[in-house]
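Q: Please take a close look at one residue in this model and then set it within the wider picture, for someone who has not seen the structure before.

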Amino acid sequence: MAYALEIKDVHKTFNSGTINEKIALDGVNLNLEEGDFVTIIGGNGAGKSTTLNAVAGVWPIDKGSIIIGGQDVTALPEHKRAKFLGRVFQDPMTGTAATMSIEENMAIAARRGKRRTLKWGVTKAEREQFKEMLKTLDLGLEDRLTSKVGLLSGGQRQAVTLLMASLQKPNLLLLDEHTAALDPKTAAKVLALSDKIIEENNLTAMMVTHNMKDAIAHGNRLIMMHEGKVIYDVRGEEKKNLKVSDLLAKFEEVSGGEFANDRMMLS
Amino acid sequence: MALLFSLSPMSLLRAMPGAVAQGLIWGIMALGVYITYRLLDFADLTVDGSLATGGAVAVMLIRAGVDPVIALVAAFAAGMLAGFVTGMLHTALGIPGILASILTQISLYSINLNIMGKSNQAINVDQYQLVVSLRYISGDAATKFKFYGGVILGCLVLVAILYRYFGTEQGQAIRATGCNKSMAKAQGINTNFHTVLALMISNGLVGLCGGLYAQYQGAADVNMGRGAIVIGLAAVIIGEVLFGKLCAGKKLAFAYTMIAVILGAVAYYIVIAFVLWLKMPSDNMKLFSAIVVAIFLSIPYLKGKYGKKGVAA
């Protein structure tokens with residue numbers, strides 16, 4: 001059976017040929033099985049978010065290929081890859097359209113990967129469906145279908161974005177530090193919701209995080225990146241038994257102990 | 001004082017019907033500006049050129065014996081074509097939006113001259129069955145009623161069509177593109193395609209307005225669109241300032257906002273008529289318009305900076 005995702009020797013250099021040249025991805029290789037939930041950790045500039053953006057097609061990669069569900073998508077632009085992907089971003093503002101209502105945002109997501117026709121943008125049946133889905137969030141949003149998303153809090157927006165990502169079952173869910181901008185309590189709620197949505201829909205997912213505890217507690221597999229490469233890949237029992245100290249030791253080993261001022265310390 | 005005494009209230013009153021008629025017609029262009037400026041978040045200066053293109057196409061077709069209504073359809077199509085060019089310059093060739101639209105606007109000046117063969121072409125209302133005309137305002141009651149009723153009904157039909165359209169899947173995709181490109185792309189929306197589409201619809205409306213206005217004044221002029229974008233912005237902003245609170249939160253808020261934009265254009269022309277009545281030299285009108293728009297555009301910024309605390313903080 002085909003892998004849910006194959007990342008084959010992907011390279012990406014930003015500002016190539018200038019003084020600001022930055023090798024962001026230096027031969028990334030990664031295969032995801034169907035149903036894998038991978039957490040990705042690593043220092044700043046390790047290539048975590050860049051890997052997710054490479055999969056999403058935010059910019060063309062320099063070398064290598066990206067295969068989703070057996071289909072090579074390397075040459076596809078971002079909006080054409082969208083039909084395979086659900087995405088939640090670090091900035092709660094990024095995942096939703098602020099000037100549009102909750103139901104309109106959800107309706108747009110329900111049509112991900114489909115042709116946009118001259119039919120009504122939101123149907124009656126959808127309205128009922130969205131209401132039911134919003135009820136499960138327990139945030140009182142089911143009565144605010146026509147409220148502009150811009151009026152919602154960051155946590156509420158991330159929760160709605162998560163629902164939107166799962167409306168059309170994606171081959172792959174990309175969570176790019178989606179709780180980093182939230183307060184700890186809200187972050188925990190959004191993480192629990194992510195787990196629930198991934199489990200209920202049996203999704204394959206990648207989650208970038210700076211929080212090592214979260215990286216260990218969630219998913220069935222953990223990878224660590226460093227300088228644009230995957231340097232550590234654990235799964236199953238071995239991952240479950242990981243401790244933060246193990247990860248710190250691993251990180252110290254590869255980075256030569258120069259992690260002192262890294263954000264990872266905070267966790 | 002002498003000036004004040006020399007003003008006749010009657011002459012102001014006499015200027016009103018024309019101001020309202022002009023406002024309603026230019027309101028259609030303002031709807032086009034609203035689509036790019038507010039929905040698409042794109043400062044589209046194509047307008048100054050595409051308005052004259054609409055006028056030129058309509059007048060030349062009417063002179064060639066084409067029905068004035070069909071000529072309006074052609075004016076709409078010509079405007080769309082102009083929008084398409086701006087859109088392609090921006091999306092396919094990567095030229096910044098405002099520059100792309102300036103390029104189209106400038107090139108349209110030559111194209112409009114080519115369409116008309118000279119800088120000005122007239123059509124006589126006695127010769128053709130024009131859709132709108134200055135003459136109808138001073139006609140008998142039935143003519144006036146038909147004229148205003150027709151123009152108002154036409155505006156409302158346009159609002160209804162646009163309301164319906166921006167509620168469709170495609171219309172929502174345009175709005176998402178204008179609001180948040182990252183979100184739109186992540187949801188599989190081809191933002192380039194929808195940017196071009198919105199520019200075409202917008203400039204189509206502007207071309208339609210040009211065709212109507214040329215019929216109204218009985219001539220198309222290569223300079224008839226000069227400063228149109230400023231009038232369009234003024235209408236959008238005046239409409240929002242005057243009626244924004246009334247529209248917000250309503251079920252048909254979007255339709256009301258579009259009507260407010262048209263009324264904003266009417267308000268603009270009433271103010272202009274008033275200022276002209278005060279015997280301000282008409283040479284200064286463009287300066288006056290620009291100042292009005294600058295003031296209204298800066299209000300939200302200044303409010304945020306010096307206004308009540310608590311909203312942003």
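A: The residue chosen here is B:Thr177, which lies in helix α8 of chain B, a helix that covers residues 169-179. The model is a predicted one, and the confidence values that come with it are a mean pLDDT of 92 for chain B, with 96% of the residues of that chain at 70 or more. For the model as a whole, the scores are ipTM 0.91 and pTM 0.92. As a caution in reading any such model, predicted coordinates should not be read in detail where pLDDT is low.

Is B:Thr177 buried or exposed? B:Thr177 counts as buried because 26 other C-beta atoms lie within 10 Å, and the cut-off for a buried residue is 20 or more. When its neighbours within four places in sequence are left aside, B:Thr177 is in contact with B:Leu40, B:Ala184, B:Ile189, B:Thr191, B:His194 and B:Thr195. One of these partners, B:Ile189, is 12 residues away along the chain, and its C-alpha atom is separated from that of B:Thr177 by 7.6 Å.

Another part of the model to consider is the largest nonpolar core, which has 171 residues, and in which B:Ile25, B:Met29, B:Ala30, B:Cys209 and B:Ile262 touch the most other members. B:Ile25 has contacts, beyond its neighbours within four places in sequence, with B:Val132, B:Val151, B:Cys209, B:Leu212, B:Tyr213 and B:Tyr216; B:Cys209, in this list, is also among the residues that touch the most other members of the core. In soluble globular proteins, nonpolar side chains tend to be buried together.

Turning to chain A, its secondary structure comes to 9 helices and 10 strands, and its C-alpha trace spans about 60 × 40 × 40 Å along the principal axes. The radius of gyration of chain A is 19 Å, which agrees with the value near 18 Å for a compact globule of 267 residues. Of those 267 residues, 44% count as buried, and among the contacts in chain A with a separation of 6 or more, 69% join residues 24 or more positions apart.

Where the two chains meet, the contact takes 25 residues from chain A and 20 residues from chain B. On the side of chain A that touches chain B, α2 (78-81) and α3 (102-110) each supply at least two residues, and α3(A) gives the most, with 4 residues. By type, the residues on that side of chain A divide into 9 nonpolar, 8 polar and 8 charged.

Conventions. Residues numbered from 1 in each chain as written. Chains lettered and ligands numbered in written order. Predicted model: local features only at pLDDT ≥ 70, side-chain atom pairs only at ≥ 80, totals over all residues. Rg over C-alpha atoms; globule rule 2.2 N^0.38 Å. Buried ≥ 20, exposed ≤ 12 C-beta atoms within 10 Å, placed from the backbone. Contact = placed C-beta atoms within 7 Å. Nonpolar A, V, L, I, M, F, W, Y, C, P; charged D, E, K, R; others polar. pLDDT = per-residue confidence, 0-100. Core = buried A, V, L, I, M, F, W, Y, C linked by C-beta atoms within 7 Å.
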